[in-house]
Amino acid sequence: INTPFIIFELLIFNIANNIYTIKITDSNAKNVLEEFCSYKCEKIGYNIKSVLNLAFRNDIRDIYGFNDDLMIMYYLINTADNNQSIDKITYEVLNANFPTLNKEAKKVEQTSMFDMFDDSPVKEETLDELTDNEKEVLFAYINVIVKTEAKLKETLSEMGLDYLYNEVEMPLVETLANIEANGMYVDKVKLKEFGEYIEKSVAELTAKIYELAGEEFNVNSPM
């Protein structure tokens, strides 16, 4: 499949509390991704921009239902935190450690989380090539998404961030994925003029700050 940035080998998803996987091969990759992207259901994910980017790189335009992204939810709630990794979200929201992939030992280094997910039957016949550790990590990953979505949405609502999330951030995901995949046109002359305007404005504001402070200092310093 056409992507220099994303390894796309396994599609894992949860439907009606059942976990399914589809092995991705060179022959079925585009068809699987196309069907997944266009299927008429609401989709909850983590960093869904990467999936949309992959779709656009392969000329897949029928996109439906990518409405919730845990990474963006967590970022809006914790804007000062630069770490929006899935294990960090798990720890903060579910108070549980995310298991790590240990290919040499072929075991889960942290299993405290799995007691939460005993109600999720697994379709084993699709996973013969995976180790037990790999299966557990993948199942934990998909269940984290399901378990945390409601909690994060509740927090967004409590903080009055519903509009920002639903009307600004999530629509922007598809736009950014499209730009990353296809690029964008710019007016070089206007862009240069705007850059010069910004430089001039910054210089004027910096001079005003120095005047008010009575001395020069590093205005870019956070301290």
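Here are some informal notes on the predicted model above, point by point.

1. Housekeeping first. This is a predicted model, so to speak of local features pLDDT must be at least 70, side-chain atom pairs count only at pLDDT 80 or more, and totals for chains, interfaces and linings use all residues. Residues are numbered from 1 along each chain as its sequence is written, and side-chain values use heavy atoms, with hydrogens and water left out.

2. Start with the core. The largest nonpolar core (buried Ala, Val, Leu, Ile, Met, Phe, Trp, Tyr and Cys residues joined through side-chain atoms within 4.5 Å) has 29 residues, and C37, L52, I63, L152, L156 and Y165 have the most contacts inside it. Two or more residues each come from helix 1 (29-38), helix 2 (48-57), helix 3, helix 4, helix 5 (132-158) and helix 6 (162-182). Helix 3 gives the largest share, six residues. Helices here are DSSP runs of H or I, at least four residues, and strands are runs of E, at least two, numbered from the N terminus.

3. Helix 3 deserves a look. Six of its eight residues are buried, so the rest of the structure largely encloses it. Buried means under 20% relative accessible area, exposed over 50%, and partly exposed in between, with a 1.4 Å probe and protein chains only. The buried ones are L70, I72, M73, Y74, L76 and I77, and their cover includes strand 3 (43-45), strand 4 (66-69), helix 4, helix 5 and helix 6. At the start of helix 3, a side-chain oxygen of D69 comes to within 2.9 Å of the backbone nitrogen of M71.

4. Y165 touches helix 3 residues too. Setting aside neighbours within four places in sequence, its contacts (heavy atoms within 4.5 Å) include I72, M73 and L76, as well as K153 and L156.

5. Then there is Q84, in the loop between helix 3 (70-77) and helix 4 (86-94). Is Q84 buried or exposed? At 17% relative accessibility, Q84 counts as buried. Its side chain reaches the backbone oxygen of D81 at 2.6 Å. Beyond neighbours within four places in sequence, Q84 is in contact with Y46, M71, Y74, Y75 and I89.

6. Finally, two lysines and their rings. The charged end of K40 sits over the ring of Y64, 5.3 Å from its centre, while that of K43 sits over the ring of F66 at 5.0 Å from the centre. To count, NZ of Lys or CZ of Arg must be within 6 Å of the ring centre and within 35 degrees of the ring normal.

How values were computed:
A polar contact is a pair of N or O atoms within 3.5 Å; within protein, one must be able to donate a hydrogen and the other to accept it, and residues adjacent in sequence count only if both atoms are side-chain atoms.
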